[in-house]
Amino acid sequence: MTRSDDSGEDSSSRPPAPAEAALHPIAPFPRGKGAWLAELRWPGKRALEGIADAEASLRASFGPPGEGWRDRIYEGENLAAFGHLLRAHREQVDLVYIDPPFDSGAEYAMRIKLRAPGTELAKLTLEEVQYRDVWAGAEYLDFIYERLAALVELLAPTGLICVHVDPRQSHRVRAILDELLGSLAFRAEIAWRLGNGAKSRSFVSNDHNSLLLYSKGTRWTFEADSPELREPFAAGSLQMHFREIDAAGRRFRRRKVGTKEYLYYADEGKRVGSVWTDLSSMRANSPIMAETTGYPTQKPESLLRRIVSAFSRPGDLVLDGFMGSGTTLAVAAALGRRFVGVDRQGAAVSLAIRRLLSGEAPAGAFDLYALRAPEPVSTPSAGPSAPVIRARLEADRLRIEGFEPPRLRSLLEARGLRVEDWRALVDRVSIDPDFDGEVLRPTLHDLPGRGERVHGEYRLPPLERGRPSRGRLRLELTDVLQRRHMLTLDR
Ligand SMILES: C[S@@+](CC[C@H](N)C(=O)[O-])C[C@H]1O[C@@H](n2cnc3c(N)ncnc32)[C@H](O)[C@@H]1O
């Protein structure tokens, strides 16, 4: 059975799904109490009539089955995902974080390593373009305007939206947010210093990004005492002011303001303001850093940890509509928030799933939905150009014997390279030992660490007691380009 309506909730408690191509209404602007001081106009700007509804189908389900909320990832166009989410989750999102294209005029490639430890191939870095950030005229403004309007509809009355941009479009995006939410909804513009050291000689370098924070209403979450909202005191300040030590051995400073006395502890650090200089982008982009996935423009977990900790609470729903490699999702899961992530790049989705399965605090139950027709999958009988997985099943053992993903093979052939060990091409293996013919529900994962390889041979877990076997097994191999390939075997 294909589940085309995915909310995972009791259908009787949900409003009926609008008919095909129906529009979800958009409330009149501005939503907040702020005066509408100005409106940004651009050539061809359209009045927004509504957000088109869209179908999504469940493709894969991770973690234990169960009733109630399940976190989720949508693979496909985000406006469609927002339209789909509006069916059952209007005004339910507590924190929206988005890191959309910035109108940079560039295209972005992922860095890819083979898993061939100890060989020359391990030194090779392949590149594959993931997305283009190139726009003509005012296209970018149309794009961001519609998506922000949809996100505002999804935002809870007490929710916050954090839009990550850079100085190329930050002023226009801010004007759009003023239009959608009212100028009094503006909470802060945070300057995040990238800290990547790049400085130009031709003019002043733009070495910061802006985080535009708006609230939907007059109440919002701000966890002022979160340790994530602290940075170390400057060395000079520590030396000059922190001269006392308490009974527990902690260095502190006493400060009198009027009749009140305040104590500051060196190890607690100081509260950050609206300029964040202590979270280097290199953590997410340097190949030697553990959190680097190779996905272009990946943001550091420390940045998302600060945002999610400060502007949401445990149990809150966090939505990232341009999730890339899934940084927000991984952080939200680790901090006990519920999450929804969206991206149209298959590689982004694969990386996000990997991070959720292998993170410090692996995510609980989450599902993958597709907003477009799924890509064809390989089968043993598929044609000669199809991806080929060769695998053998003997009693409760599965042995993978070969794997030739065509795109990867052609990339390697273009460089005159041949790879003998198929495991060098595989990033991870997932197995659903009792495939229902529709939805992948893997219970066994082989997720090698950096520089390691998958095992290739697996003892299958026993089926749930008392349930007859469906007689089929589904094997998913994700190659190092983060493309997923499937094979179904009869048991
Ligand atoms: C700057 S990256 C996000 C990086 C992410 N913050 C991370 O830490 O990895 C922007 C992402 O938005 C995705 N994207 C751009 N336009 C989209 C659209 N219309 N629908 C869905 N995803 C989109 C791109 O595929 C890309 O992965």
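This report describes the fold, cores, sheets and ligand shell of a predicted model.

**Overall make-up**

The protein chain holds nine helices and 26 strands. It has 491 residues, and buried residues make up 38% of them. Contacts reach far along the sequence. Among those between residues at least 6 apart, 73% join residues at least 24 apart.

**Nonpolar cores**

In soluble globular proteins, nonpolar side chains tend to be buried together. Here the largest nonpolar core counts 84 residues. Val96, Leu148, Leu151, Leu154, Cys162, Leu177 and Ala352 touch the most other members. Helix H2, residues 139–154, gives the most to this core, with 10 residues. A second, separate core has 23 residues, including Leu114, Leu475, Leu477 and Leu487.

What does Cys162 touch, residues up to four places away in sequence not counted? The list is Val96, Tyr97, Leu211, Leu213, Ile307 and Phe311. Two of these names recur in helix H6, where Ile307 and Phe311 are among the buried residues.

**Helix H6**

Helix H6 spans residues 301–311 and is mostly covered. Nine of its 11 residues are buried. They are Glu301, Leu303, Leu304, Arg305, Arg306, Ile307, Val308, Ala310 and Phe311. Charged residues thus appear in the buried set by name: Glu301, Arg305 and Arg306.

Which elements cover the buried residues of H6? The cover includes four strands: S5 (93–98), S8 (155–165), S9 (186–193) and S17 (317–320). Helix H7 (327–334) is also part of the cover.

**The sheet S12-S13-S14**

Strands of a sheet pair through backbone hydrogen bonds, either parallel or antiparallel. In this open sheet of three strands, the order is S12-S13-S14 and the pairing is antiparallel. Strand S12 (244–245) and strand S14 (260–265) are the edge strands, and each pairs on one side only.

Two bridges join S12 to strand S13, residues 251–257. Glu244 has Phe252 in S13 as its bridge partner. Ile245 stands opposite Arg251 in S13. On the other side, six bridges join S13 to S14. There Val257 is partnered by Lys260 in S14.

Both turns carry a glycine with positive phi. In the hairpin of S12 and S13, five residues lie between the strands, and Gly249 takes a phi near 85°. In the hairpin of S13 and S14, two residues lie between the strands, and Gly258 takes a phi near 65°.

Is S13 buried or in the open? Of its seven residues, the number buried is zero, so S13 lies largely in the open.

**The sheet S23-S22-S25-S26**

Four strands form another open sheet, in the order S23-S22-S25-S26, with antiparallel pairing. Strand S23 (444–446) and strand S26 (484–490) stand at the edges. Each has a single partner strand, so one side of each is left without a neighbour in the sheet. The twist averages 15° from one strand to the next. Seven bridges join strand S25, residues 472–479, to S26. In this pair, Leu473 stands opposite Leu489.

The strand pairs with bridge counts and one partnered pair of residues are set out below.

| Strand pair | Bridges | A bridge partner pair |
|---|---|---|
| S12 and S13 | two bridges | Glu244 and Phe252 |
| S13 and S14 | six bridges | Val257 and Lys260 |
| S25 and S26 | seven bridges | Leu473 and Leu489 |

**Phe233**

Phe233 is found in the loop between strand S11 (230–231) and helix H4 (235–241). Why does Phe233 count as buried? Phe233 is buried because 20 other C-beta atoms lie within 10 Å, and 20 or more is the cut-off.

Leaving aside neighbours within four places in sequence, Phe233 is in contact with Leu238, Ala266, Gly269 and Lys270. Ala266 is 33 residues from Phe233 in sequence. In space, the two are 7.0 Å apart, C-alpha to C-alpha.

**The ligand shell**

How many residues surround the ligand? There are 19, and the closest are Asn78, Phe322, Gly324, Ser325 and Thr327. The shell divides into six nonpolar, eight polar and five charged residues. Strand S7 (125–133) and strand S18 (338–343) each supply at least two residues of the shell.

Key:
Residues numbered from 1 in each chain as written. Predicted model: local features only at pLDDT ≥ 70, side-chain atom pairs only at ≥ 80, totals over all residues. Near = placed C-beta within 6 Å. Buried ≥ 20, exposed ≤ 12 C-beta atoms within 10 Å, placed from the backbone. Contact = placed C-beta atoms within 7 Å. Pairing = 2+ DSSP bridges. Axes fitted to C-alpha atoms, helices over the stretch in contact; angles between N-to-C directions. Core = buried A, V, L, I, M, F, W, Y, C linked by C-beta atoms within 7 Å.
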